[in-house]
Amino acid sequence: MKFNWNLLTILMLGAVISFTACSKDDDDMDMPEEETLYDRLGGNQMVSDPANPGMMIEQGRLNLRSVADSTIFVIAATPSLEVYFAPLLEEVGAGNLSNIAVLSKDLTDFFSVATGSENATYNGLSMEAAHDPERNPRMGAKSDNQGFDDFVGAVVVGAQQNNVPNELIGEVGELIETLRDVVVQR
Ligand code: HEM
């Protein structure tokens with residue numbers, strides 16, 4: 001009988017792959033997964049969504065959405081940020097809230113992914129493109145460092161309004177700070 005080398009190769013490859021897969025599983029069992037910032041902000045435990053009766057939402061996402069929504073209100077009440085958010089604020093002044101809802105979702109998705117959520121996805125613009133008026137006409141002007149500081153201040157107040165513990169606000173602040181160089185474009 002002719003020896004089937006192809007079959008032997010396939011069997012050996014299969015053995016290597018399953019051995020690698022097993023050893024990875026063993027590693028996972030030995031090393032407890034590290035708690036993410038998203039976990040500490042509430043994590044993926046499902047709770048009922050107060051904004052959508054009958055729907056469930058992850059506790060971490062709910063907390064981050066509350067922070068995003070409060071932050072948007074703080075931004076709207078911060079005169080130094082008006083120039084940047086002018087397109088949005090003009091729409092809101094005319095009674096059109098639809099893009100507030102879009103920004104709330106985008107910010108919530110972005111913060112969920114950035115803090116380590118396993119289930120969230122962010123489909124918006126890159127941070128560089130989102131904050132470049134030439135690529136995103138919704139950005140009223142290029143941000144300077146002061147604009148960035150004022151935005152961070154709005155996030156901090158938004159988080160405080162939702163009773164996020166100070167140490168977690170500090171960690172969110174550190175995360176945001178890593179994006180200063182791409183967001184500040186003047
Ligand atoms: C690290 C800090 C920041 C983060 C994580 C962030 C995040 C985001 C996200 C996720 C979007 C939505 C992008 C899209 O529509 O695809 C956005 C839009 C925007 N951001 Fe930021 N941002 C930051 C800083 C700033 C700063 C400093 C300013 C202004 C001073 C600013 C002004 C805006 C404006 C005006 C928009 C458009 C809002 C609209 O759609 O009407 N952002 N940002």
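In the next few minutes I will go through the surroundings of the ligand, then one helix and a residue in it, and finally a pair of helices. Please keep in mind that what we are looking at is a predicted model.

Let me begin with the ligand, which has 24 residues around it, and of these the ones that come nearest are Leu 88, Gly 124, Gly 147, Phe 151 and Leu 179. Two or more residues of this shell are given by each of helix H4, at 86–93, helix H5, at 98–115, and helix H7, at 145–161, and the largest share, 5 residues, comes from H5. As for the character of the shell, 16 of its residues are nonpolar, 6 are polar and 2 are charged.

I turn now to helix H3, which runs over residues 59–76 and, with its 18 residues, reaches 26 Å from the first C-alpha to the last, close to the 26 Å expected at 1.5 Å a residue. H3 is mostly covered, since 14 of its 18 residues are buried. Within H3 we find Arg 65, and this residue counts as buried because it has 22 C-beta neighbours inside 10 Å, where 20 or more are needed. Although Arg 65 and Leu 107 stand 42 residues apart in sequence, their C-alpha atoms are 7.8 Å apart in space.

My last point concerns helices H7 and H8, the latter covering residues 166–177, whose axes come within 10 Å and cross at roughly 155°. Angles over 145 degrees count as roughly antiparallel, and therefore H7 and H8 are described as roughly antiparallel to each other. The crossing in which H7 passes H8 is right-handed.

Key: Residues numbered from 1 in each chain as written. Predicted model: local features only at pLDDT ≥ 70, side-chain atom pairs only at ≥ 80, totals over all residues. Near = placed C-beta within 6 Å. Helix = DSSP H or I, 4+ residues; strand = E, 2+ residues; numbered from the N terminus. Nonpolar A, V, L, I, M, F, W, Y, C, P; charged D, E, K, R; others polar. Expected span 1.5 Å × (residues − 1). Buried ≥ 20, exposed ≤ 12 C-beta atoms within 10 Å, placed from the backbone. Axes fitted to C-alpha atoms, helices over the stretch in contact; angles between N-to-C directions. Parallel < 35°, antiparallel > 145°, perpendicular 65-115°, else oblique. Left-handed = near helix turned anticlockwise from the far one by under 90°.
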